[in-house]
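Please open the model in your viewer and keep the sequence panel beside it, since this tour moves from one selection to the next.

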Amino acid sequence: MNISLEDKAILAHVVIDPDEWVEHALATVGEQAVTAKIERYRADYLAKKDLPGYQTRAERETNPYQESSLIRGKTISPLGPE
Amino acid sequence: MGATFSRVKTWLAAQTLTASDLNAEFDNVLNNFTPAGLDDESASDVAMQAVTDPYPGSVISKPTSLTGELQRIRYMINQIIGKTYWYEDKGGSAQVVNTTLPAFLVTPAAEQTNIAVGSVVTVVWGTEIKDQAGNFASNAFTAPVTGLYHFDIGIRLQDMDAASGYYILILFTSNREYRYIYDVGHAADFLYQSLVLSCLADMDAADVARVQILQAAGTQQTDIATTSWFSGHLVC
């Protein structure tokens, strides 16, 4: 299955590892799952990709548990830890 | 024969057709050409059981006759009621069990001992109590279709380390993570603590869901007990 760079960027907008996700999708459900997911998130990706500071999901979650480390230092907001 | 009613008159050669005869025959057809007047019943058990998949390979299969239409509706009734034949009753109960809905319940086959510290650990589910539709494998559930899925997780941790600071229970899904943080408020190590998490997860077809746990710091000594569980099913 050929996936364009833009399609891959759309998947990276949603999942952490697009290559791993596509490989699993093709092995379990099939090409239609890949196509459907790309089409589902295309509009959201196009609306956000040129915004300042845009990051892929992997970039957004480089250290997903860092916030929790701050909790130990009591630097969180009074709204709660998570 | 396509009708269950008969002609008004059987004509012989050289007979004279009158307006009255003609009107009577047309009235006969017009008045009796109703569902009850159509000869469309199944001629045998086999005919009554005949079904046709209306959507083979995700492509619509249009009927070319009323029989074909009925066969497609029977096929869907079979899918809904989960019976071999569409006409099988449910023994007087109004409850319908959907035996094709993706659903699973798994537990650990053995204790997962001394989980790693400072990194995310995937919980190992070696025993499948139930895996309806066969979507659970390699410690992960794969969504067969796009939809909302409900998940429940119960993790019993043992030999917990007070120096950990915190533990995080994570339901990882391809689109996002759902987390439950446990702030260790103990001065000394403690024997056990259950962490539970429930959520309604938005998943696309082929997305995965797996359970992970993080011990933030301390000593590698915490175990995951076999009384833990992970279950889920498609809601809508």
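Helices and strands in what follows are DSSP runs numbered from the N terminus, a helix having at least four residues and a strand at least two. On that basis chain B holds three helices and twelve strands, whereas chain A has five helices and zero strands. What you are looking at is a predicted model, and the tour therefore includes a stop for confidence.

**Chain A as a whole**

Select chain A and colour it by secondary structure; followed along the sequence, the chain shows the pattern α-α-α-α-α. Of its 82 residues, 21% count as buried. Among the contacts in chain A between residues at least 6 apart in sequence, 63% join residues at least 24 apart.

Now recolour chain A by pLDDT, for which the mean is 83, with 76% of the residues reaching 70 or more. Residues 69-82 of chain A are the stretch to mark here, for their pLDDT is below 50, although beyond near neighbours in sequence the stretch has ten contacts in the model. Where pLDDT is low, the predicted coordinates should not be read in detail.

**Helix 1 of chain A and its two partners**

Next select helix 1 (residues 5-14) of chain A together with helix 3 of chain A, and look along one of the two. At what angle do helix 1 and helix 3 of chain A pack? The angle is about 80 degrees, and the axes are 9 Å apart; the two helices are therefore roughly perpendicular to each other, given that angles of 65 to 115 degrees are classed in this way.

Show the side chains where these helices meet: from helix 1 of chain A come Asp7(A), Ala9(A), Ile10(A), Leu11(A), His13(A) and Val14(A), and from helix 3 of chain A come Lys37(A), Ile38(A), Tyr41(A), Arg42(A) and Tyr45(A). Sorted by class, the residues of this contact are seven nonpolar, one polar and three charged.

Keep helix 1 of chain A selected and replace its partner with helix 2 of chain A, whose axis comes within 9 Å of that of helix 1 and crosses it at roughly 100 degrees. Helix 1 of chain A is thus also placed roughly perpendicular to helix 2 of chain A. Here Lys8(A), Leu11(A) and Ala12(A) of helix 1 meet Pro18(A), Trp21(A) and Val22(A) of helix 2, a contact made up of five nonpolar residues, no polar ones and one charged. Leu11(A) is worth keeping labelled, as it is listed both in the contact with helix 3 of chain A and in the contact with helix 2 of chain A.

**Where the chains meet**

Bring chain B back into view and select the residues of each chain that touch the other: 19 residues of chain A are in contact with 18 residues of chain B. On the chain A side, helix 2 (18-28), helix 3 (31-48) and helix 5 (66-72) each supply at least two residues. Which helix of chain A gives the largest share? Helix 3 of chain A does, with five residues. By class, the chain A side divides into eleven nonpolar, four polar and four charged residues.

**Chain B: three stops**

Hide chain A and consider chain B in full, where 21% of the 236 residues count as buried. Residues 24 or more positions apart account for 70% of its contacts with a separation of 6 or more.

For the first stop, select strand 1 (residues 103-107) and strand 3 (residues 127-132) of chain B. These strands run antiparallel and are joined by five bridges, and within strand 3 the bridge partner of Phe104(B) is Asp131(B). Is strand 3 of chain B largely buried or in the open? Of its six residues the number buried is zero, so strand 3 lies largely in the open.

Move next to Val120(B), which belongs to strand 2 (residues 120-122) of chain B. Val120(B) is partly exposed, because 16 other C-beta atoms lie within 10 Å, fewer than the 20 needed for a buried residue. Leaving out residues up to four places away in sequence, Val120(B) touches Ile170(B), Gln212(B) and Leu214(B). A distance drawn from its C-alpha atom to that of Ile168(B), 48 residues away along the chain, should read 9.0 Å.

End at Val124(B), in the loop between strand 2 and strand 3 of chain B. Val124(B) is likewise partly exposed, with 15 other C-beta atoms within 10 Å. Apart from neighbours within four places in sequence, Val124(B) is in contact with Pro108(B), Gln112(B) and Asn139(B), while Ala109(B), 15 residues away in sequence, is 8.2 Å away from C-alpha to C-alpha.

Terms used
Residues numbered from 1 in each chain as written. Chains lettered and ligands numbered in written order. Contact = placed C-beta atoms within 7 Å. Nonpolar A, V, L, I, M, F, W, Y, C, P; charged D, E, K, R; others polar. Buried ≥ 20, exposed ≤ 12 C-beta atoms within 10 Å, placed from the backbone. pLDDT = per-residue confidence, 0-100. Axes fitted to C-alpha atoms, helices over the stretch in contact; angles between N-to-C directions. Parallel < 35°, antiparallel > 145°, perpendicular 65-115°, else oblique. Pairing = 2+ DSSP bridges.
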